[in-house]
Amino acid sequence: GTLVVPDATGELWLDLYNKREWPIEWDELVTMNCGSVLFICVGSPHNVPALDWIACERFYRSGVLPKPTGVPTQVMLVEWLQILQSITRKKIGYNYTPRLSVVLTAWDRVSDDRKQESPQDYLETEFPLLAQFVRAGAHGFDAKVFGVSVVGGDLELDPAFYAEYLRSEPSGTGYAVFQAHTGVERSTDVLMPINWALGFET
């Protein structure tokens, strides 16, 4: 298989949402047996939360309007996936269901009390609209949610781990977590989400 990472500016990704179109050359990447990987960074300052309707009601009643925050991240992600779905069905037809790996990166930054949850559970809480789209049977994807830590800990906020990491073999420190039939499982194969999307993992 071939792994393709589109090299695009932030403005282009915003245009995908605003104009619901993408570069025509990307159409060539959508082929039979292709899969996709969607990365979402845990705790990223760039993640725009959805509106808190209860808080909004308090603001409007008080006469003080909240500052605009932009389009919620999960809304934009669902739009991107719907565009991909539309192109896939147009090029290949409705009989093909491509795989989609939703990867929550920096999984080590999830709080300790929530690391017992599956990545799907985390998505349900933090990005409920996206989680519902991933679960829905009509979305056009065979989707699976993963949590991935490339280094196995937090190099910025955990000095003890940073010192331990410098003494370790970096290639063996990362891990991926996912929901299996028997519960949440953990693997040292950080490429598992990509391999699964390409059909190399069952």
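**Figure 1. Leu130 and its contacts in the predicted model.** Setting aside residues up to four places away in sequence, Leu130 touches seven residues named here: Leu38, Ile40, Gln74, Leu77, Val78, Leu81 and Leu123. The model shown in this and the following views is predicted. Leu130 is also one of the residues with the most contacts inside the largest nonpolar core, together with Ile40, Leu104, Trp107 and Leu123. Ile40 and Leu123 thus appear both among the contacts of Leu130 and among the residues with the most contacts in the core.

**Figure 2. The nonpolar cores.** The largest nonpolar core has 29 residues. At least two residues of this core come from each of β1 (35-41), α3 (73-91), β2 (99-105), α4 (119-126), α5 (128-135) and β4 (175-180). The element that gives the most to this core is α3, with 6 residues. A second core, separate from the largest one, has 5 residues, among them Phe146, Phe178, Ala180 and Met192. In soluble globular proteins, nonpolar side chains tend to be buried together.

**Figure 3. The whole chain, for orientation.** The protein has 202 residues, and 37% of them are buried. Its secondary structure consists of 7 helices and 5 strands. Read from the N terminus, the order of elements is α-β-α-α-β-α-α-β-α-β-β-α. Of the contacts in the protein with a separation of 6 or more, 68% are between residues 24 or more positions apart. The protein exposes about 12,700 Å², and carbon and sulfur atoms supply 55% of this area.

**Figure 4. The largest pocket.** The volume of the largest pocket is about 1,300 Å³. Its lining comprises 40 residues, of which Pro6, Trp13, Ser36, Val37 and Leu38 are the closest to the pocket centre. Two or more lining residues come from each of α1 (10-19), β1, α3 and α7 (192-197). Leu38, listed here by the pocket centre, is also one of the residues that Leu130 touches.

**Figure 5. The cavity and the cysteines Cys34 and Cys41.** The structure holds 1 cavity of 30 Å³ or more. The volume of the largest cavity is about 30 Å³. Its lining is made up of Val30, Cys34, Gly35, Ser36, Leu84, Thr88, Pro98 and Phe141. Both β1 and α3 supply at least two residues of this lining. Ser36 lines the cavity and is also listed among the residues closest to the centre of the largest pocket. Cys34 counts as buried because its relative accessible area is 17%, under the 20% limit. Cys41, at 35%, is partly exposed. The number of disulfides is 0. Rolling a probe the size of a water molecule over the atoms shows where empty space is left.

**Figure 6. Arg114, a buried arginine in a loop.** Arg114 is located in the loop between β2 and α4. The relative accessible area of Arg114 is 15%, so this residue counts as buried, the limit being under 20%. Residues up to four places away in sequence aside, Arg114 touches Asp121, Tyr122, Thr125 and Glu126. Which loop holds Ala106, a residue shown again in the next view? Ala106 also belongs to the loop between β2 and α4.

**Figure 7. Arg20 and Ala106, two residues with positive phi.** Most residues other than glycine have a negative phi. Arg20 is not a glycine, yet its phi is positive, at about 55°. Arg20 sits in the loop between α1 and β1, and its relative accessibility of 43% makes it partly exposed. Ala106 likewise is a residue other than glycine with a positive phi, near 55°.

**Figure 8. Ala50 and the start of α3.** Ala50 lies in the loop between β1 and α2 (53-62). Is Ala50 buried, partly exposed or exposed? With a relative accessible area of 42%, Ala50 is partly exposed, since that class falls between 20% and 50%. Apart from neighbours within four places in sequence, Ala50 is in contact with Pro72 and Gln74. Ala50 and Thr73 are 23 residues apart along the chain, and their C-alpha atoms are separated by 7.6 Å. Gln74, a contact of Ala50, is also touched by Leu130.

Notes
Residues are numbered from 1 along each chain as its sequence is written. This is a predicted model: local features need pLDDT of at least 70, side-chain atom pairs count only at pLDDT 80 or more; totals for chains, interfaces and linings use all residues. Side-chain values use heavy atoms; hydrogens and water are left out. A nonpolar core is a set of buried Ala, Val, Leu, Ile, Met, Phe, Trp, Tyr and Cys residues joined through side-chain atoms within 4.5 Å. Buried means under 20% relative accessible area, exposed over 50%, partly exposed in between (1.4 Å probe, protein chains only). Helices (H or I, at least four residues) and strands (E, at least two) are DSSP runs, numbered from the N terminus. Contact means heavy atoms within 4.5 Å. Accessible areas come from the Shrake-Rupley method with a 1.4 Å probe; for residues, only the protein chains shown count as cover. A disulfide is a pair of cysteine sulfur atoms within 2.5 Å. On a 1 Å grid over the protein atoms alone, a cavity is a set of points where a 1.4 Å probe fits but cannot get out, and a pocket is an open set with protein on both sides within 12 Å along at least five of seven lines; lining residues have an atom within 4 Å of a point. Grid points are joined across faces, edges and corners, and a volume is the space filled by probe spheres set on the points.
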